[in-house]
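User: I'm new to reading protein models, and I'd like to learn how the labels are earned. Can we go through this one together?

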Amino acid sequence: MTFRVKLSLHGRLATEGLLARLDLWRSPHHQQTCDTRLPPAPELVQVATEFWDLWASYPNLRIKVKSVQRQLPLSLHRQQCQLAADRLQTLFNNWLEGESFREITHEILRFSNPDDDLWLSIATDDRHVPRLPWDEWKPLKSHRLAWGCCPTSGKTPPIQARSAPRGLVRILAVLGDREDLDLDPDHQALQQLSQAGLANVQLLDAPTPEQFFDALRDNQPQVLVFAGHGYPGTSSRSGQIGLNLRNNISVENFSHALEGAVQQGLQLAIFNCCHSVDLAEALHRSHLPAAIVMRASVPDLVAQHFLKDFLTHYAQSRSLPLSLYEARRSLQRSSAQYPRADWLPLVFHHPLLDLPTWPDRSHSEADFQSWIEPVGPSAARPSSDRPLRQDPIQKFSQEPGQEISQEINQKSSQKLDQEISQKSSQESSQESNQKLNQKLNQALSPENNQRPENNPQISPKVSPKISPKPWQLVGQSLLATGITIGLGGIIQTPEFWVYDAMLQQWPLELQDQRILLVTIDENDVAYQDRQGWRRIPTADGGLNSLAPEALAKLQERLATLKPSVIGVDIYYPWPLTSAWQKRLWSNSRVVGLCKLADPTEDTSEIPAPVGLTRDRVAFSDQASDSKRVVRRQLLAMAAPQSSQACHATYGLSALLVDDYLKQQRVAFQAVGDRWRYGSVTIPQITAGAGGYGWFDDQGNQLLLAPRRADWVRLPLREVLQSTDRIPWTGQPNPIVLIGNIQASSEDRWKLPGGQEIPGLEIQAHGISQLISAVLDNRPLLQAIAWPHKLGWILLWAGLGAGLLAVGQARNPQPRWCDRLWIGAIGSLAVGAIGMVSFFWAAWWLPVVSPMVAMGLVLLPVPGRKGRSQFSRWLGLVQRLPRRLLRSS
């Protein structure tokens, strides 16, 4: 069975990286499993270009040996090609084994079977991606892997072809310019199909353009084969094919005839010539379902072998992917003479149409949509040949006496004899023994075992029914909820694990083109020292990372961008003496920092830059959790009364956002303790909300949802060295952040998931989050407040208690498997609701706490038989203090 994989790659591999989406199909159900971002790979692109450039100058490229002008000995050129191929294959697999691509490989292997044939469709608009050796994807080489390319979207809708008449497959074979070529083997391969009665072949030998156009229009071919010379395209036109010695035509020259042929039933075109990959885009615009092209110049011998082997396998009613796989594999026999010749053939197909088979089997439009292009947001999992698990909770749907009769029938006669002897020793008369024997016979009688009411003397002894009262269920749920809340500090850690995992699955985003980061690292510090600029000593004996001369020149260079606001994420408390230095902080668009005193960390305050007004000063403190993980954004807080030199009440990100939105004419309004920009109210998070236990919730805090994209960065030295306008391609009037990113800096934090980044990027995430929420409707994360969280946990504890009560009414001592199934189904429901709430509504609901509360309710407590779970819990609570005192 063919397992179909579509890998959509958006972006540029050499510069910005790729956004990847994986879609899987299995007959005909669709499964979309993951989206991820792949980093740029400029070295991989360069090596691939070098390899194909070597192919372009390879001897014997569908040209007879006597006409080749060799620049290198053939053996040396062959060795260079082999080394380049080995290096390309190694770099390609190293790229595939990266952390971002590993998830894609894992999903393909997880849903495919070992005996599946794999058809990999690469949807991309980047010209470098089809030049990669996708045949060498190591983990997938255990399958019969074939691959092809298509555009990222169906910009050219498919043409509804007329139903082809039954009969032999019609092939239009065009043998073009024969100069320096040997096309006789191609002709013989086509004649063998006709002689075997597999196809009706019409041959055109060196036709004129008019003859070629007429044959396309009048003969209604289903397969078009061209063999001859091919010429590469340019940026303004596609490639060309040589029909004869005088006429070279491009696809644009016969596009109307080609579209007509597609309407008449043309399904596949094979261009067995050099550089035919440059025809692919034009062929797609002509609505052709599929085309086989060559990725570079093709040796004459390789072209002959490929056409013969492909047509042989394809005419045996094999699928196009399997035929392509076999033909590529057969080309490996030429690898000694032509290294990696099997990389040359490429299938370029329409993204909305299925691949044709031999003979043509037309598909309806609905088939194309279900197999190739998923319709709507549905992401249903594919059906599998494996049997589905049966619902394990069947115990409560059984007849009440069925389980009792099974239990009695399972008792051995020896055990029952022991029970009878114990009873008879307590009774002195022979009549009691006879009664017990009578009970035994009734119990073992099959006609009396079907329902417990037929055996009233055994029923109350074996299965006493318990019907917990509603107040007992409520009390049990409250007790479990109270214990869960008491364990809040312990449960907070696994809640963070779940939250961080969901946050890492947040959809990928584009770069925020409104923010520019001017970074200072070790190289920028060394550059300032080489310029002779004096950096100011700091209190700890070091030197400041930004010299006054560098800051002044930086402001002059940034003035060309006309930034909306400039945030300097560096403490700068020193007095400035010269006039030009005093002008540094007089710019009304500049925001500086001061540090508030923190008695808990024994840190002293740092004053604001001299000359900067109080309303242009902010703090850069972070609301971090354990291990310096930042999950909250600190917008504002009151300055401590002990502060003398620093009186900032707004965070750096909040002050920059406020200035930027005011320039965008967004109205601000304070609604109680919350802020409102336009129609967007900024939510707050307080202690106990979401999965949090207790934390210091002073000030105005917001959950931080980091932007899943990289930032536009410019090193300080590049800005200062630029002689003309700064290379900025983002939105006009950006927000500029200037800060230190040295690895030795103390201003380094961790994002949820463990990625360590400098504080400058934390500020950028906070700014982007607020601006995108107001201007782009990006959702802001909210956490369920403490009172609602209590009700949420109580709800699931009550649900678990209720399900257990239903089972206890039928069986006073439910089995472990019954409790586990209730807990498992409840946990899955909690997790599903939590994920839907997080990804769809941007609400953080605790997941682990309800599971713990439900687990406490379902946990079996030792006690006397016949007592309810609530009574056992109360008994345990009463006995526990006495046992602790006794042990002490």
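Analyst: Sure, let's take the labels one by one and check each against its rule. This is a predicted model, so local features need pLDDT of at least 70, side-chain atom pairs count only at pLDDT 80 or more, and totals for chains, interfaces and linings use all residues. Residues are numbered from 1 along each chain as its sequence is written, and side-chain values use heavy atoms, with hydrogens and water left out.

User: What makes Cys-594 and Cys-646 a disulfide?

Analyst: The rule asks for a pair of cysteine sulfur atoms within 2.5 Å. The sulfurs of Cys-594 and Cys-646 are 2.0 Å apart, so they make the cut. The structure holds one disulfide, and this link is right-handed, with 55° about the S-S bond.

User: Which parts of the chain does that pair tie together?

Analyst: Cys-594 lies in the loop between β17 (590-593) and β18 (617-618), while Cys-646 is in the loop between β20 and α20 (652-663), so parts 52 residues apart in sequence get tied together. Those names come from DSSP runs, numbered from the N terminus: helices are H or I with at least four residues, strands are E with at least two.

User: Why is Cys-150 not bonded to Cys-149?

Analyst: Because the sulfur of Cys-150 is 7.4 Å from the one in Cys-149, its closest cysteine sulfur, and that is too far for a bond. Cys-273 is in no disulfide either: the nearest cysteine sulfur, in Cys-274, is 7.0 Å away.

User: How do you know whether Cys-273 is buried or exposed?

Analyst: Buried means under 20% relative accessible area, exposed means over 50%, and partly exposed is in between (1.4 Å probe, protein chains only). Cys-273 has 0%, so it counts as buried. Cys-150 is buried too, at 1%. In the disulfide, Cys-594 is at 1% and Cys-646 at 0%, so both are buried.

User: What makes Trp-506 and Phe-838 an aromatic pair, and of which kind?

Analyst: Rings of Phe, Tyr and Trp (its six-membered ring) pair if their centres lie within 6.5 Å; planes under 30 degrees apart are stacked, over 60 edge-to-face, and the rest tilted. Trp-506 and Phe-838 are 5.5 Å centre to centre with 85° between the planes, so this pair is edge-to-face. Trp-506 sits in the loop between α16 (488-504) and β15 (515-520), and Phe-838 is in helix α24 (residues 816-841), 332 residues apart. Trp-506 is buried at 7%, and Phe-838 is buried at 1%.

User: Why is the pair of Phe-668 and Tyr-677 called tilted?

Analyst: The angle between their planes is 50°, which falls between the two cut-offs, so tilted is the word; the centres are 5.1 Å apart. Phe-668 is partly exposed at 39%, whereas Tyr-677 is buried at 5%. By the pairing rule, the count comes to 27 aromatic pairs.

User: How do you know that Arg-628 sits over the ring of Trp-749?

Analyst: The rule wants NZ of Lys or CZ of Arg within 6 Å of the ring centre and within 35 degrees of the ring normal. The charged end of Arg-628 is 3.8 Å from the centre of the Trp-749 ring. Arg-632 lies over the face of Phe-695, at 4.2 Å from the ring centre.

User: Why is helix α9 described as largely enclosed?

Analyst: Because 10 of the 11 residues of α9 (residues 320-330) are buried. Among them are Leu-320, Tyr-325 and Arg-328. The cover includes β4 (117-124), β5 (144-150) and α8 (300-314), where contact means heavy atoms within 4.5 Å.

User: What makes β19 and β24 edge strands?

Analyst: Each pairs on one side only. Two strands pair if DSSP finds at least two bridges between them. The open sheet runs β19-β20-β24, with antiparallel pairing, and β20 (residues 630-636) and β24 share four bridges, so they qualify as paired. One bridge partner of a β20 residue is Gln-701 in β24, opposite Leu-634.

User: How do you know that β16 and β17 pair?

Analyst: Two bridges join these parallel strands, and two is enough, so they count as paired. They belong to an open sheet of six strands in the order β18-β17-β16-β26-β15-β25.
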